[in-house]
Structure formats: structure tokens, C-alpha cells
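Me: I would like a close look at a single part of this protein. Please explain it in connected prose for a first-year student.

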Amino acid sequence: MHFAFDARTEELRAKLLAFMDEHVYPAEAVAAEQRAALASPWDTPPVVEDLKAEARRQGLWNLFLPDEEYGAGLTNLQYAPLAEITGRSPHLAPTALNCAAPDTGNMEVLAQFGDEAQKKQWLEPLLAGEIRSAFAMTEPEVASSDATNIETRIRRDGDAYVISGRKWYISGAMNPDCRVFIVMGKTDPDGSDIRRQQSMVLVPRDTPGVHVRRAMRVYGFEDHDHGGHAEVVFDDVRIPAAHLIGEEGGGFAIAQARLGPGRIHHCMRLIGMAERAVELMCRRAVSRHAFGKALAQQGVVQNWIADARVTIEQLRLLVLKTAWLMDTVGNRGAHTEIQAIKIATPRAVVDIIDKAVQAHGAGGVSQDFPLAELWAAARTLRLADGPDEVHQRSLARRELKKYLCPLTWPLASER
């Protein structure tokens with residue numbers, strides 16, 4: 001189903017649909033062939049640079065940034081249908097438009113919290129698509145779903161900071177074009193306010209003591225197109241104090257500001273992933289026969305398709321409502337809806353893609369169709385940017401507050 005948006009969004013939507021048909025979908029097989037011939041699987045296939053150049057030529061560039069100084073100046077509601085389209089080819093399209101995570105979140109952080117020198121050195125080349133970046137937060141030794149658990153230390157030493165810690169699943173870090181990390185760690189580990197212990201700093205990749213140890217697999221995939229997900233060790237890494245983003249103790253607040261838009265962007269793209277899965281399922285259903293009739297005539301397959309359509313329309317409406325609220329009352333005012341879409345969307349899309357895999361039989365788990373990678377990406381998003389259970393906990397607490405008087409809050413089990 002297609003909603004009527006404002007004239008600018010409709011124009012960009014039409015251009016992007018044509019760009020996908022004419023350039024992105026044909027490039028999927030080409031990128032795979034080129035990557036197989038590269039000296040390193042982490043190098044960028046030449047066709048990706050061709051896509052970026054064409055997207056920039058067509059004005060399909062930095063669409064995610066609402067600040068006109070840096071991006072297209074679109075609202076969340078305007079960006080939503082465009083991000084959905086890119087989700088149909090999540091490993092190529094976002095990168096082609098310079099709208100791929102984690103660069104998007106890092107650019108937002110630098111645009112909002114970076115000083116002029118930081119913007120000049122890092123934001124400008126990121127906006128131009130000349131370099132890539134990574135966001136180093138998750139750690140293997142603690143439950144990183146609770147950001148206050150982070151153990152990486154950022155110690156002030158004169159006019160420098162010294163960083164020590166181990167991170168993993170640092171998306172994009174295997175890409176040789178990744179030139180800078182935004183690292184979250186504790187500058188005040190013994191501070192009384194657990195949400196003021198953390199800070200964020202910029203760490204150039206080539207700084208002595210930065211060791212990219214290995215690529216972490218995601219359901220067996222190394223996710224080359226995304227730049228991999230690395231384990232990174234910071235071994236007494238020394239950086240200038242000027243590399244601090246914002247103020248000491250501001251890391252937790254910056255992380256929350258970064259994650260809000262990131263979560264809705266993921267959900268926008270997930271709807272596109274679901275749409276592609278349904279398209280593939282329908283094409284398969286009308287082209288394959290079993291037990292004397294087309295799969296499309298089998299009642300169970302019809303149920304899968306019908307349920308998928310209903311679910312996608314529900315998810316889209318909730319995502320659009322959330323985008324509208326973020327535009328009108330801000331991220332804090334849309335907190336409940338942001339959590340709701342983050343809970344509902346990956347969970348439902350995983351099920352839709354799973355049904356598409358089932359309809360394809362062995363082909364569904366093979367490299368000949370994108371479904372296996374789509375499933376792995378969607379399933380991973382039930383963990384990324386906060387696992388389902390964290391959002392459920394927070395959302396439930398918000399609902400319960402409507403019914404509990406101050407004397408009975410917090411719940412006894414959480415005192």
C-alpha cells in the first residue's frame with residue numbers, strides 16, 4: 001500500500017524507486033562477484049562506489065539528516081518511506097545513499113555535539129562519503145544492554161585521555177575505510193550518578209594501541225557489505241583531550257540521543273525487508289507446484305501471505321505515527337512509540353521472512369536468494385540498539401506509572 005506524502009517526499013520516492021530498479025538490484029550480484037575477486041573480502045567492491053556516485057548525482061544523498069546544513073533537511077516522517085525502500089536491499093542501498101549505520105548515528109552525534117574542529121576533521125569527510133566510522137560501545141564481559149555496566153576506562157592524563165578496554169560487535173570496523181571510532185567508556189567510574197560516569201571520545205583507527213582483533217560472525221555471516229562486526233581492543237590508547245565529544249559525563253545522554261533516530265531508522269528499513277520477503281514469497285508461490293497445484297493455491301501459503309500483508313500495514317502505521325511524533329513533540333515525547341516499534345517490528349519481520357524462507361524450501365537458506373541474510377539481519381535487530389526485553393521493561397514501567405501512586409513506586413522487586 002502506498003500513502004500520499006508531501007510533494008518533495010513523493011518526488012524523492014519516485015527517484016529512489018527508479019534508482020533501486022535501475023542500479024541497486026542489478027548491482028547485488030555484481031557486488032558479490034567483485035567481492036570474491038578482491039584481495040580482501042573487507043575491501044569495498046567498485047560497484048558500490050559507482051552506486052554512491054550515481055546517488056549523489058541524483059540528489060539521493062544524506063537523506064537521513066534533518067539538519068539542512070548537513071543533510072537533505074527531511075523530517076522523520078518524510079524520511080520514513082525512503083528508508084523503507086532502501087530496506088529492500090539493506091546491504092547496498094543505505095551505503096549507496098550514505099545513509100548506512102553506524103555512520104548515520106555517528107554523523108548525528110558529531111553534528112549535534114561535536115565542536116568545529118571535530119566537525120571539520122571527521123564530520124565533513126563522513127558527509128562526503130570519503131571515509132567510514134564505527135561506534136564502540138558493546139563489551140563482551142558485561143551485559144551491555146545496561147549501558148551503565150560499560151567497563152572501558154577513559155582516564156584523564158594531563159592534556160590527553162588514555163583508553164583501556166575491550167569491545168566487540170563494533171559494526172563497520174573491519175572496513176579499511178573506517179578511519180575513526182566513537183568510543184564510550186567511563187571517565188568517572190566511581191561517580192555517584194551512574195548516568196554521569198560515561199563519556200564519548202573520538203579515536204582515530206591508526207592510533208597506537210588500537211587493535212582490531214577479529215570479525216565477529218552473525219548467524220554465520222561475516223556481513224562484508226556492512227563492514228563486518230569486529231572485536232576491538234584499546235590498549236592504553238592515548239588521544240588528545242580535545243577528542244572528547246561534548247563534556248565529561250555526557251556519554252550516556254549522547255548515547256540516548258543517538259539511539260532514538262537509529263531505532264526508528266532500523267524499523268523503517270525492516271518494513272522494506274519484509275516487503276521484499278513477501279514479494280519473493282509471492283513470486284515463488286505462483287511459479288512452483290507441489291501435490292498437484294501451485295503453491296499459491298495451497299491454503300497455508302495463502303495464510304502466510306495474507307497475515308504478512310496485515311502485519312506490514314500495521315507496522316508501517318505505527319512507524320509513521322512514531323516518526324510524526326518525533327517531528328512534533330521530540331524524541332522524548334515519542335519515547336513510548338519508539339520502544340513499541342523497536343519491540344514489534346523486528347519480531348514480526350523475522351516471522352514474515354521465516355515464512356518466505358519456508359516457501360522457498362532449500363533455496364530459502366541458500367546464497368541464491370537474499371532471504372537467509374535478511375532473516376539474520378532482522379533477528380539481530382532484536383538485540384541491537386537494546387534487546388526486546390529492555391524496551392519491554394521500560395515500556396511496562398511507563399504504563400504502570402499511570403496506576404501506581406508515588407508511595408508504591410518503584411515496584412518492590414526493583415527497590
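Reply: The account below turns to one strand and its partners, and then to the chain around them.

This is a predicted model, in which local features need pLDDT of at least 70, side-chain atom pairs count only at pLDDT 80 or more, and totals for chains, interfaces and linings use all residues. Residues are numbered from 1 along each chain as its sequence is written, and side-chain values use heavy atoms, with hydrogens and water left out.

The part chosen is strand S4, residues 178-186. Strands here are DSSP runs of E with at least two residues, helices are runs of H or I with at least four, and both are numbered from the N terminus. Of the 9 residues of S4, 8 are buried, so the strand is largely enclosed by the rest of the structure. Buried means under 20% relative accessible area, with a 1.4 Å probe and protein chains only.

Strand S4 pairs with S1 and S5; two strands pair if DSSP finds at least two bridges between them. Strand S1 (residues 132-136) runs parallel to S4 and is joined to it by 5 bridges; here alanine 136 stands opposite valine 183 of S4. Strand S5 (residues 198-204) runs antiparallel to S4, with 7 bridges between them, and methionine 184 stands opposite methionine 200 in S5. In a regular strand the side chains alternate between the two faces of the sheet.

As for the surroundings, the protein chain has 11 helices and 10 strands. Buried residues make up 53% of its 415 residues.

How values were computed:
Buried means under 20% relative accessible area, exposed over 50%, partly exposed in between (1.4 Å probe, protein chains only).
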